[in-house]
Every structure is written in C-alpha cells, then in structure tokens.
Amino acid sequence: MAIKKVLVVDDSPTERFVMTEMLSKHGYLTLVAESGEEGIAKAKAEQPDLVIMDVIMPGTNGYQATRNLKRDAAAKNIPVIICTSKNQETDKIWGLRQGADNYLTKPVKEQELLAAIAALP
C-alpha cells in the first residue's frame with residue numbers, strides 16, 4: 001500500500017510543524033491532531049494511510065490511543081509509528097505491544113522517518 005495521507009498526532013505545535021514540513025516536502029498529505037482523543041477520532045473519520053503518534057500527551061496518551069486504534073475494526077489496519085522522546089528499551093517494547101508498527105525517538109531524523117515509512121508493508 002502506498003502511503004499518501006499521514007495523520008500526525010502530537011500535543012506540541014512545534015513538533016507538529018516540524019513533522020508536517022518534513023512529510024509535506026516529500027509529497028505526503030498531512031493531517032494533524034493535538035491529542036490522543038482527537039487522533040483516534042480523526043484516524044477513524046479520515047482513514048489516513050499512516051498515523052505518527054506521540055506518547056506524552058495530556059488525556060489519552062499515545063500508547064492508549066494506539067491500542068484503541070488497533071482494537072477498532074475501522075482503524076486496525078492503519079499503520080502506527082510511535083515518535084516520542086521516551087527512549088528507554090522498555091518504552092519501545094511497550095509501544096510495540098500496543099500495536100505500533102515502528103517506534104522512533106525524538107528528535108527524529110528525516111531519513112530515519114522516511115526509511116520507517118518505506119519499510120511498512
């Protein structure tokens with residue numbers, strides 16, 4: 001499946017801007033959500049080809065939002081790449097257990113993100 005539409009879920013305006021700029025210049029259509037709750041709703045409504053999910057957010061965190069999407073019939077096939085400042089091995093293992101397809105740590109390098117997207121089935 002070709003990735004064209006990407007939903008960026010992050011509570012930081014700076015991170016959302018950096019991520020959308022990075023993706024847009026490579027031809028991706030980007031959508032944004034400022035919270036886990038908004039990310040879940042937008043993913044179900046917009047059916048993006050990929051969700052890039054922060055972890056540390058108020059309310060529903062990225063782990064919870066990823067788990068919610070992966071358990072939802074309408075969203076379970078949307079790949080999720082967690083992109084967070086949480087860089088411990090246990091954080092990564094937990095993120096992947098919630099259903100994430102990949103786990104990157106911030107600050108994410110452009111080539112690293114593009115490689116993670118390209119590696120999706």
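## Exercises on a predicted model

The buried residues of helix α5 pack against α1 (13-24), β3 (50-53), β4 (80-84) and β5 (102-105). Keep in mind that this is a predicted model.

**Exercise 1.** Work out which residues of α5 are buried and which are exposed on the other side.

*Solution.* Start with the helix itself, residues 110-118. Go through its residues and pick those under 20% relative accessible area, the cut-off for buried. You should end up with L113, L114, A116 and I117. These four span an arc of only 160 degrees around the axis, so they sit on the same side of α5. Here's the background: an α-helix has 3.6 residues a turn, so residues three or four places apart point the same way. Now flip to the other side of α5, where Q111 and A118 turn out to be exposed.

**Exercise 2.** Decide how α2 and α3 are oriented relative to each other, then find the residues that meet.

*Solution.* Two packed helices are described by the angle between their axes and the distance between the axes. Take α2 as residues 36-46 and α3 as residues 62-70; their axes come within 9 Å and cross at roughly 25 degrees. Angles under 35 degrees count as roughly parallel, so α2 is roughly parallel to α3. Next, the handedness: α2 passes α3 in a right-handed crossing. Finally, list who touches whom. From α2 come G36, I40, A43 and K44, and they meet A65, N68 and L69 of α3. Sorted by class, that contact has 4 nonpolar, 2 polar and 1 charged residues.

**Exercise 3.** Track down the backbone oddities at P107 and Q47, and place each one in the fold.

*Solution.* A reminder before you look: most residues other than glycine have a negative phi, and most peptide bonds are trans. First check omega between K106 and P107: at about -5 degrees, the peptide bond joining them is cis. P107 belongs to the loop between β5 and α5. Then check phi at Q47, which is positive, about 50 degrees, although Q47 is not a glycine. This residue lies in the loop between α2 and β3. Its relative accessibility is 37%, so Q47 counts as partly exposed.

**Exercise 4.** Describe the setting of S12 and its separation from S35.

*Solution.* Locate S12 in the loop between β1 (5-9) and α1. With a relative accessible area of 22%, S12 is partly exposed. Now go 23 residues along the chain to S35: the C-alpha atoms of S12 and S35 are separated by 9.4 Å.

Technical notes. Residues numbered from 1 in each chain as written. Predicted model: local features only at pLDDT ≥ 70, side-chain atom pairs only at ≥ 80, totals over all residues. Heavy atoms only, no water. Axes fitted to C-alpha atoms, helices over the stretch in contact; angles between N-to-C directions. Helix = DSSP H or I, 4+ residues; strand = E, 2+ residues; numbered from the N terminus. Parallel < 35°, antiparallel > 145°, perpendicular 65-115°, else oblique. Left-handed = near helix turned anticlockwise from the far one by under 90°. Contact = heavy atoms within 4.5 Å. Nonpolar A, V, L, I, M, F, W, Y, C, P; charged D, E, K, R; others polar. Buried < 20%, exposed > 50% of the residue type's maximum accessible area, 1.4 Å probe, protein only. Arc of directions from axis to C-beta.
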